[in-house]
Amino acid sequence: MLDLKILKRALFVGIVFQLVLLGCGYFWPHFRPGLLFACMMTAAVAGMLYARDLGRGFLPGMMGGAAVGAASGLVAVTGASILGEEPEIWIPYGGMVLMLSGMVGGIFGEIDAGMRAYIVRKLGN
């Protein structure tokens with residue numbers, strides 16, 4: 001049900017940007033207040049990229065977005081825990097929040113895929 005080629009690309013984008021955000025938050029403390037929102041947005045964008053490239057319906061897009069969001073979130077929260085930023089108790093909560101963000105991104109990615117198909121259909125005639 002999940003397309004592994006698209007999933008790998010979306011995971012790569014999500015994990016790279018989560019690690020960049022983690023580094024920015026660690027080395028520049030004034031960046032920290034918006035870090036949670038930035039991590040959630042990165043997971044949502046990665047989920048949107050997966051669903052937009054897949055374009056097979058809402059359920060596969062949501063599942064792939066949730067997988068991408070959870071995996072990139074797990075990397076980000078575990079990295080923050082290794083750097084001593086947060087206690088280990090927050091790892092499951094961070095993973096769940098970012099999984100939900102990726103799922104919402106998957107919904108919007110499927111909406112975008114549907115709109116793109118509609119526009120191509122209308123302009124093609």
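The following is a short exchange about how the terms used for this predicted model are justified.

User: What makes up the secondary structure of the protein?

Analyst: The protein has four helices and zero strands. Along the sequence, the pattern reads α-α-α-α. The C-alpha trace spans about 55 × 30 × 20 Å along its principal axes.

User: How do you know that the length of helix α1 agrees with its number of residues?

Analyst: Helix α1 covers residues 4-27, which is 24 residues. At 1.5 Å a residue the expected span is 34 Å, and the end C-alpha atoms are 34 Å apart, so the two values agree.

User: How does α2 fare in that comparison, and what follows it?

Analyst: With 20 residues, α2 is expected to span 28 Å, and from its first C-alpha to its last it reaches 29 Å, which is close. After α2 comes Gly55, with a positive phi near 60°.

User: Why is Ser101 called buried?

Analyst: Ser101 has a relative accessibility of 8%. Buried means under 20%, so Ser101 counts as buried. Ser101 lies in helix α4.

User: What is Ser101 in contact with, leaving aside its neighbours within four places in sequence?

Analyst: Ser101 is in contact with Met40, Ala43 and Ala44. Of these, Ala44 is found in helix α2. As for Tyr50, its C-alpha is 13 Å from that of Ser101, and the two residues are 51 apart in sequence.

User: Why is Ala44 called buried or exposed?

Analyst: The relative accessible area of Ala44 is 17%. The cut-off for buried is under 20%, so Ala44 is buried. Apart from neighbours within four places in sequence, Ala44 is in contact with Ser101, Gly102 and Gly105. Ala44 and Gly106 are 62 residues apart in sequence, while their C-alpha atoms are 7.3 Å apart in space.

User: What makes Thr42 a buried residue, and which residues does it contact?

Analyst: Thr42, in helix α2, has a relative accessible area of 15%. That is under 20%, so Thr42 is buried. Beyond its neighbours within four places in sequence, Thr42 is in contact with Gly14, Phe17, Gln18 and Leu21.

User: What makes the link from the Thr42 side chain to Ala38 a polar contact?

Analyst: The side chain of Thr42 reaches the backbone oxygen of Ala38 at 2.8 Å. A polar contact needs a pair of N or O atoms within 3.5 Å, and the distance of 2.8 Å meets that limit.

User: Which residues of α1 and α2 are buried, and what covers them?

Analyst: In α1 the buried residues include Ile6, Leu7, Ala10, Gly14 and Gln18, and the buried residues of α1 pack against α2, α3 and α4. In α2 the buried residues include Leu35, Cys39, Thr42, Ala43 and Ala44. The cover over the buried residues of α2 includes α1, α3 and α4.

User: How many residues does the protein have, and what share is buried?

Analyst: The protein has 125 residues, and 37% of them count as buried. The protein exposes about 7500 Å², of which carbon and sulfur atoms supply 75%.

User: What share of contacts joins residues at least 24 apart in sequence?

Analyst: Among contacts between residues at least 6 apart in sequence, 75% join residues at least 24 apart.

User: How many charges of each sign are there, and where do their mean positions lie?

Analyst: There are 9 positive and 7 negative charges, and their mean positions are 14 Å apart.

Technical notes:
Residues are numbered from 1 along each chain as its sequence is written. This is a predicted model: local features need pLDDT of at least 70, side-chain atom pairs count only at pLDDT 80 or more; totals for chains, interfaces and linings use all residues. Side-chain values use heavy atoms; hydrogens and water are left out. Helices (H or I, at least four residues) and strands (E, at least two) are DSSP runs, numbered from the N terminus. The expected span of a helix is 1.5 Å times one less than its number of residues. Buried means under 20% relative accessible area, exposed over 50%, partly exposed in between (1.4 Å probe, protein chains only). Contact means heavy atoms within 4.5 Å. Accessible areas come from the Shrake-Rupley method with a 1.4 Å probe; for residues, only the protein chains shown count as cover. Lys and Arg count as positive and Asp and Glu as negative; His and the chain ends are not counted. The place of a charge is taken as NZ of Lys, CZ of Arg, CG of Asp or CD of Glu. A polar contact is a pair of N or O atoms within 3.5 Å; within protein, one must be able to donate a hydrogen and the other to accept it, and residues adjacent in sequence count only if both atoms are side-chain atoms.
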